[in-house]
Amino acid sequence: MSFSSGHRQSILFLAANPKDTTRLRLDQELRDIGEGLQRAQKRDQFKLEQRLAVRPRDIQRAMLDISPQIIHFSGHGAGEQGLVFEDEIGNTKLVDGEALAGLFELFADQIRCVVLNGCYSEVQAKAIANHIDYVIGMNQAIGDRAAIEFAVGFYDAIGAGRPIEFAYKLGCAAIRMAGIAEHLTPVLLKKSTSFDATVQPTSDIVVQPPVEQLQNAPIDVFISYSHKDDDLLSEFVTHLANLRRQGKITAWYDRAIEAGEEWEAQIKGRLESARIILLLISPPFMGSDYCYDIEMQGAIARHNQGTARVIPIILRPCDWKDSPFSKLQVLPKDAKPVTQWSDRDAAFLNVVEGIRKAVNSL
């Protein structure tokens, strides 16, 4: 289905970034989409409308005022709990997929496509796809850069008059072209009660429907650590080898950043897209402003949103009681630091077994 009809089509951009959630670059996403449509071959056929700091009531009002053909949500998702909007004072207000689907059903005669550009939004996409022809959601967490690249590629194709399926695949290709390993995260659903009409890009960007394959995809793991613990990190990563070879996980830490890359953007993107975040706790970690204030606080924020599993691993004895992560179950067993085990391999094995359980549960 393409947007080649004579009358002008409206795109409604809904954005929410409550003050109690991690900051997102929603303004850049909106700007880049707008610039792409302005230069598009068929720019006169599209009008981009926006609603920012969206509360639930703002959605229904915008639907009545604008009568959009495409609805684009940009913000946080919390899986089964819903999409993150704002309440009256700017804090998180969750709206689940069934509620959104019920609203969109009332406007199903005009809405042709819904794009949910937020983490773990495939749950809501499936509910909405009962009523809307095309719905795009994310099957796991997605970083800022990947979300923006997908949106720009998608709307560049829409602005050129291409069909929605082509636009979806171009958006996935744009993620790959940017060198971001998240091109399998967006999922396109066609209107179907059985959800057999799932479109998913493969490495060569062709249609690939099997949902079972997605469920067995490796889980992205982010490792937060102090560089003063490089030796312990090296041992730990070696113990993760079997999980990697079995295709259970892909482990990432900042030593993977290549020369010439923007290290802070790489870390932020990986931290926001990982489904499991490992905190390697030690005195240098607790004393590091970046590890503690940036990476650890970001990890806890995602844990509180329900978008990532955070696992603290106590490497060395230190004062970590009453820290933001102290409420979480830590590894190894009984929170005994790795360096205090008589057999360090046994300590890391105990840690890996705990991680394997978390991976299997996801």
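This is a short tour of one loop residue and one sheet in a predicted model.

**Stop 1: T21**

Start by selecting T21. You'll find T21 in the loop between strand 1 (9-16) and helix 1 (26-38). Is T21 buried or exposed? Its relative accessibility is 8%, and buried means under 20%, so T21 counts as buried.

Now show the side chain of T21 along with N17 and P18. The side chains of T21 and N17 make a polar contact at 2.9 Å. Look at P18 too: its backbone oxygen lies 2.6 Å from a polar atom of the T21 side chain.

Next, add H76, V84, T92 and Q305. T21 touches these residues, leaving aside anything up to four places away in sequence.

**Stop 2: the sheet**

Time to move on to strands 10, 11, 12 and 13. These four strands form an open sheet, in the order 11-10-12-13, with parallel pairing. Color strand 11 (249-252) and strand 13 (309-314): each has a single partner strand, so one side of each is left without a neighbour in the sheet. On average, neighbouring strands here are turned by 25 degrees against each other, direction ignored.

Zoom in on strand 10 (residues 219-224) and strand 12 (residues 276-281). How many bridges join them? Four, and the two strands run parallel. Pick F222 and you'll see it stands opposite I277 in strand 12.

**Stop 3: the helices on the sheet**

Select helix 12 (residues 289-305). Helix 12 packs on the sheet and touches strands 10, 12 and 13, with its direction at about 140 degrees to that of strand 12.

Finish with helix 13 (residues 344-361). Helix 13 lies across strands 10, 11, 12 and 13, and runs at about 175 degrees to strand 13.

Note on methods
Residues are numbered from 1 along each chain as its sequence is written. This is a predicted model: local features need pLDDT of at least 70, side-chain atom pairs count only at pLDDT 80 or more; totals for chains, interfaces and linings use all residues. Side-chain values use heavy atoms; hydrogens and water are left out. Buried means under 20% relative accessible area, exposed over 50%, partly exposed in between (1.4 Å probe, protein chains only). A polar contact is a pair of N or O atoms within 3.5 Å; within protein, one must be able to donate a hydrogen and the other to accept it, and residues adjacent in sequence count only if both atoms are side-chain atoms. Contact means heavy atoms within 4.5 Å. Two strands pair if DSSP finds at least two bridges between them. Axes are lines fitted to C-alpha atoms, for helices over the stretch in contact, and angles run from 0 to 180 degrees between N-to-C directions.
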